[in-house]
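Below are some notes for a colleague at the bench, arranged as numbered points. They take up the main pocket and then the nonpolar cores.

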Amino acid sequence: MVELKNVDVHYNDGLKGGIDALNDVNIRINDGEFVFIVGSSGAGKSTLLKLLTREIQPTKGRVFVNDYNLSKLKNRKLPYFRRSLGMIFQDFRLIPNLTVYENVAFVLRVIDKSKRYIRQRVPYVLNLVKLGDKAKCYPSQLSGGEQQRVAIARAFACDPQIIIADEPTGNIDPALSYEIVELLMDINECGTTVIMVTHDHEIVRHFGGRVINLKDGSVDYDDYMEGGR
Ligand code: ADP
């Protein structure tokens with residue numbers, strides 16, 4: 001669950017008056033939803049994601065994510081909160097000197113999962129993204145689309161409540177971009193909320209569903225578009 005209530009973000013960047021990156025934003029995303037967030041450069045998309053991960057705090061208003069009131073969250077509880085999120089980035093962010101298997105196993109070790117769980121979970125999530133046969137490869141031996149599928153497997157491995165994908169198709173061959181979104185939709189059908197920021201209007205038109213358009217720091221459009229898989 002995500003809820004932003006009357007949220008403003010003002011950056012003091014040294015310029016006279018600073019910048020209002022978000023103005024009175026109200027958004028509610030329920031568990032299990034799949035939401036596209038669109039908007040031109042400078043509209044406030046990254047600022048919104050930074051609020052959701054609590055990299056920044058709002059200047060005004062309140063942000064709730066997965067039952068955490070982020071204004072009140074103590075820093076020592078931040079790692080537990082972040083475990084409820086899975087992150088996917090445009091540039092994949094895999095560890096180059098670890099194999100595909102180890103890239104996924106690594107995040108599970110960090111959160112103290114047992115060896116037995118890891119031995120079962122890693123092949124399961126790699127099969128889900130159809131990369132079971134690439135477990136021993138290194139990221140450099142994979143295509144961009146395959147690397148992003150590893151990143152999706154890694155995000156899903158920790159069983160997050162929400163997956164936040166920041167331009168996940170931005171570095172991928174357009175023909176393979178659809179596959180990436182299909183995978184995110186498969187994950188969504190397992191019950192995980194997916195929030196995907198994208199510039200790709202073709203993808204949004206194709207898949208449809210809930211689309212939130214930010215414009216100049218405000219919600220310009222929040223509605224359901226036709227489309228489908
Ligand atoms: P988007 O991700 O949609 O391109 P951003 O959230 O990055 O938009 O930016 C929204 C506005 O806030 C822009 O005008 C941008 O220049 C400004 N901005 C973003 N981050 C900072 C920052 N750290 N300091 C000052 N201004 C910022």
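1. The largest pocket has a volume of about 700 Å³, a volume being the space filled by probe spheres set on grid points joined across faces, edges and corners. A pocket here is an open set of points on a 1 Å grid over the protein atoms alone, where a 1.4 Å probe fits, with protein on both sides within 12 Å along at least five of seven lines. This is a predicted model, in which local features need pLDDT of at least 70 and side-chain atom pairs count only at pLDDT 80 or more, while totals for chains, interfaces and linings use all residues. Residues are numbered from 1 along each chain as its sequence is written, and side-chain values use heavy atoms, with hydrogens and water left out.

2. The lining of this pocket (residues with an atom within 4 Å of a point) comprises 22 residues, with Arg82, Leu85, Gly86, Met87 and Phe89 nearest the centre. Strand 6 supplies the largest share, 4 residues, strands being DSSP runs of E of at least two residues and helices runs of H or I of at least four, numbered from the N terminus.

3. The largest nonpolar core (buried Ala, Val, Leu, Ile, Met, Phe, Trp, Tyr and Cys residues joined through side-chain atoms within 4.5 Å, buried meaning under 20% relative accessible area with a 1.4 Å probe, protein chains only) has 42 residues, and Phe36 and Leu184 have the most contacts inside it. Helix 5 gives the most to this core, with 7 residues.

4. Leaving aside residues up to four places away in sequence, Leu184 touches Phe34, Ile88, Ile152, Ile163, Ala165, Pro168, Val194 and Met196 (contact meaning heavy atoms within 4.5 Å). A second, separate core of 29 residues includes Val2, Leu22, Val35 and Leu49.

Key. Buried < 20%, exposed > 50% of the residue type's maximum accessible area, 1.4 Å probe, protein only.
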